[in-house]
Amino acid sequence: MSVKEKKSVERLPKYKLAKSLKSFSLEYGIEEKDIIKLAGNENRYGCSRKVLEAINNKESDFSFYPDMNVTLLREKLSKKYNINPENFIFGNGSFELITLIGEAFISSGNEVIYNDPSFGWYLNVTLKNEGTIIRVPVTEDKAVDTEEILKRINDKTKVIWLCNPNNPTGTVIPSEVLKDFVERVPHHVLLVLDEAYIDFIDGDYIDTIDFVRKYNNVIILRTFSKSYGLASFRIGYGIADVSIIENLLKVKLPINLGLVAQTAALAALDDEEFTDFIIKKNREQLQYYYTEFEKLNLRYIPSNGNFVLVNIGISGTFAEKEFAKKGIIIRNGEEFGLDEWLRISVGKPEENKKVIEVLKEIVKEN
Ligand SMILES: Cc1ncc(COP(=O)(O)O)c(C=O)c1O
């Protein structure tokens, strides 16, 4: 007989991540260098050269524990956003921060609102902490239904997970709608505004840090994994009222952000040229996808992320396998309840071209 797990763990589904290059290589017998991975919304241009230089100068400090208060990065971000250093918390990616929010704020009997579909980790964290998930489907245009979310709030509501721009749909809540929404969320509800893709927003967006200055029930999450290209370093941060931060710090691992990660993030902030280049390339390549989808008569959702959602009119699982045979990893929308849709991360021009070539074959033959 094996040791019995907790009830909340028994009910917990395994979290499904995009396949890593290593596991895909082993499964399909394709060398890692020949794989085009467009399934994890990663940055296909790597990271800034300034990051590489900075981390190479740190060997002498490796035998010490890193600064657990992340002082330098905290101060730099505090200046950048004009908000106190105490309003920040750092995590091993925003994955960890989402986990901490669940541990500190969600328990049995709490209702937790999830815009459906959105980032899947919100669901696991809610279930692990025995919260009840209240799903609010996106609209026909795949936009977040803020009015419906407001309607579903009651005395039991504890947390709203709001990903803006939303993964996997790529939609963004317009600034005025968002402002009005935040104002109307009652103060007993913690609003988690996950802005992992904020840098890719096409058009104007308000200074959402103002919400933190104004309200003590909002936490903003951001990450160095996307526009800065530092996904493997695992650096995310939250910005919120001190009352929220203090409770998250109680459940956080005492030392969670390594020296190399802290060094990399600091250097990345010094290279705006690099992120500007990434954002420009992303826009250009999204435009390429739109043009090609239109030629193929495929419905797509204009994106504010570094990925695009497209309806191919045939089974996503089938298409995923066909892409895999050609060494391309994309995300099958069925995982998000979007049958016949694919989520494709934006790659380099030659990679996106290859995606379109394969897509043409799949769509033509089926
Ligand atoms: C919406 C959203 N939030 C959070 C994360 C996690 O990011 P991180 O690498 O900072 O853990 C992701 C990763 O893809 C994401 O899409």
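Q: How many residues of each class does the lining of the largest cavity have?
A: Sort by residue type: Ala, Val, Leu, Ile, Met, Phe, Trp, Tyr, Cys and Pro are nonpolar, Asp, Glu, Lys and Arg are charged, and the others, Gly among them, are polar. Here the cavity lining has 4 nonpolar, 5 polar and 3 charged residues. This is a predicted model: local features need pLDDT of at least 70, side-chain atom pairs count only at pLDDT 80 or more, and totals for chains, interfaces and linings use all residues. Residues are numbered from 1 along each chain as its sequence is written, and side-chain values use heavy atoms, without hydrogens and water.

Q: Which residues line the largest cavity?
A: A cavity is a set of points, on a 1 Å grid over the protein atoms alone, where a 1.4 Å probe fits but cannot get out; a pocket is an open set with protein on both sides within 12 Å along at least five of seven lines; lining residues have an atom within 4 Å of a point. The cavity lining includes a run from Glu42 through Asn43 and Arg44 to Tyr45. Phe200, Ile278, Lys281, Asn282, Gln285, Asn306, Val346 and Gly347 also line this cavity.

Q: What is the volume of the largest cavity?
A: Points join across faces, edges and corners, and volume is the space filled by probe spheres set on them. The largest cavity holds about 100 Å³. The count of cavities of 30 Å³ or more is 1.

Q: Where does the ligand sit?
A: A molecule sits in a pocket if more than half of its atoms lie within 2 Å of the grid points. The ligand takes up space in the largest pocket. That pocket has a volume of about 1200 Å³. Its lining has 50 residues; Leu17, Gly40, Phe95, Phe119 and Arg331 lie nearest the centre. By class they are 22 nonpolar, 15 polar and 13 charged.

Q: Which element gives the largest share of the pocket lining?
A: Elements are DSSP runs numbered from the N terminus: helices are H or I, at least four residues, and strands are E, at least two. Helix α6 gives the largest share, 4 residues. α5, β3, α6 and β4 each supply at least two.

Q: Which residues are closest to the ligand?
A: Near means a heavy atom within 4 Å. The shell has 13 residues, with Asp194, Tyr197, Thr223, Ser225 and Arg234 the closest. It comprises 5 nonpolar, 5 polar and 3 charged residues. Helix α5 (93-105) gives the most, 3 residues.

Q: Which polar side-chain atoms lie 2.6 Å or 2.8 Å from a ligand oxygen?
A: A polar contact is a pair of N or O atoms within 3.5 Å. Ser225 comes to 2.6 Å, and Lys226 to 2.8 Å. A backbone N or O atom of Phe95 lies 3.1 Å from a ligand oxygen. Alone, the ligand exposes 400 Å², and the protein buries 94% of that. Those areas are Shrake-Rupley values with a 1.4 Å probe.

Q: Which peptide bonds to Pro165 and Pro168 are found, cis or trans?
A: Most peptide bonds are trans, and most residues other than glycine have a negative phi. Asn164 to Pro165 is cis, with omega near -5 degrees. Asn167 to Pro168 is also cis, with omega near 20 degrees. Pro165 lies in the loop between β5 (157-163) and α8 (175-184), and Pro168 is in the loop between β5 and α8.

Q: What is the phi of Asn41?
A: Asn41 has a positive phi, near 50 degrees. Asn41 lies in the loop between β1 (36-37) and α3 (49-55).

Note on methods. Polar contact = N/O pair within 3.5 Å; in protein donor to acceptor, adjacent residues only side chain to side chain.
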